[in-house]
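Got your viewer open? Here is a walk through one protein chain, stop by stop, with a note on what to select at each.

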Amino acid sequence: MEKFRALTAAEIDCRVATCNSKGVMLLLYKDARCDMKILDETVGAENWQRKHEVIKESLFCNVGIKIDGEWVWKQDVGTESNTEKEKGQASDSFKRACFNWGIGRELYTAPNIWIPSDKVALKDTGRKDKANHPVYTTYDKFKVTQMLVEQGEIVALAIKNVSLGKMAFLYDIRKKES
């Protein structure tokens, strides 16, 4: 079977993981449509399928790929999303099962993505955390503009704060090695 290609910058989304007065931490992720597209283009729409099953009250997704005329399956469990509980769990389990096949596995090699406060619009929510510190949020949107993957590892990454119209994060491991 062919190896799945690396994700492109356009296929990766950014989500704010943590936020404080000093900046935000971002996480990179892919959506289920990306997985479907890569499965279709790599193995053909007729050579893959997915099935969901509940095991001990958790929703699992099985992704099968036809290899040499036989179905080979890989499975993973999903977690509920904050919006549509069942749909989010089904989508998450599918994306995780696709990670098991190798689709988007390079995301696990992403560097820590810290965006300092001068590159993000922070808002004080007026609330306090358990340690009595102000709680901040941001409504800024971030976009991966460039990404270079070598041997399954992200070696260069650029992220723009689309809301502010400026580059927020640059990473190039190759420059650190020289």
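**Stop one: a hairpin**

Select N132: in the hairpin of β7 and β8, with 5 residues between the strands, this residue takes a positive phi near 70°. Before going further, know that this is a predicted model, in which local features need pLDDT of at least 70, side-chain atom pairs count only at pLDDT 80 or more, and totals for chains, interfaces and linings use all residues. Residues are numbered from 1 along each chain as its sequence is written, and side-chain values use heavy atoms, with hydrogens and water left out.

Now colour residues 123–128, which make up strand β7, and 134–137, which make up β8. The two strands run antiparallel and share 3 bridges; strands pair here if DSSP finds at least two bridges between them. One bridge to click on joins K123 to T137 in β8. How many of the 6 residues of β7 are buried? The count is 0, so β7 is hardly covered. Buried means under 20% relative accessible area, exposed over 50%, and partly exposed in between, with a 1.4 Å probe and protein chains only.

**Zoom out**

Show the whole chain as a cartoon and you can pick out 3 helices and 11 strands. These are DSSP runs numbered from the N terminus: H or I of at least four residues for helices, E of at least two for strands. Tracing from the N terminus, the order is β-β-α-β-β-β-α-β-β-β-β-β-β-α. The C-alpha trace spans about 55 × 45 × 25 Å along its principal axes.

Of the 178 residues, 38% count as buried. Turn on a surface: the chain exposes about 10900 Å², and carbon and sulfur atoms supply 48% of that. The areas come from the Shrake-Rupley method with a 1.4 Å probe; for residues, only the protein chains shown count as cover. If you build a contact map (heavy atoms within 4.5 Å), residues 24 or more positions apart account for 48% of the contacts with a separation of 6 or more.

**Charges**

Colour by charge, with Lys and Arg positive, Asp and Glu negative, and His and the chain ends not counted. You get 29 positive and 26 negative side chains, and the centres of the two sets lie 6 Å apart. Each charge is placed at NZ of Lys, CZ of Arg, CG of Asp or CD of Glu.

Side chains of opposite charge can pair when their charged atoms come close. The model holds 7 salt bridges, each defined as a side-chain nitrogen of Lys or Arg within 4 Å of a carboxyl oxygen of Asp or Glu.

Select E41 and R5 as sticks: their closest N and O atoms are 2.4 Å apart, in a salt bridge. E41 lies in helix α1 (residues 32–43) and R5 in the segment before β1 (13–20), so the pair ties together parts that are 36 residues apart in sequence. Both ends are partly exposed, E41 at 43% relative accessibility and R5 at 27%.

Next, add E11 and K37, a salt bridge with its closest N and O atoms 3.5 Å apart. This pair also links distant parts of the chain, 26 residues apart, with E11 in the segment before β1 and K37 in helix α1. E11 is buried at 11%, whereas K37 is partly exposed at 45%.

Then jump to D172 and R174, whose salt bridge has its closest N and O atoms 2.7 Å apart. D172 is buried at 17% relative accessible area, and R174 is partly exposed at 37%. Going back to the earlier four, salt bridges that share partners join R5, E11, K37 and E41 into one network.

**Inside helix α1**

Stay with helix α1 and select D35. Is D35 buried or exposed? At 0% relative accessibility, D35 counts as buried. Leaving aside neighbours within four places in sequence, show its contacts: K30, F94, K95, C98 and I103.

**Last stop: a second hairpin**

Select T145 in strand β9 (residues 142–150). T145 is partly exposed at 33%, and beyond its neighbours within four places it contacts A9, A158, I159, K160 and M167. Draw a distance from T145 to A158, 13 residues along: the C-alpha atoms are 5.6 Å apart.

β9 pairs in the antiparallel sense with β10 (residues 153–161) over 8 bridges. At the end of your tour, click E150, which stands opposite E153 in β10, then Q151, which takes a positive phi near 50° in this hairpin with 2 residues between the strands.
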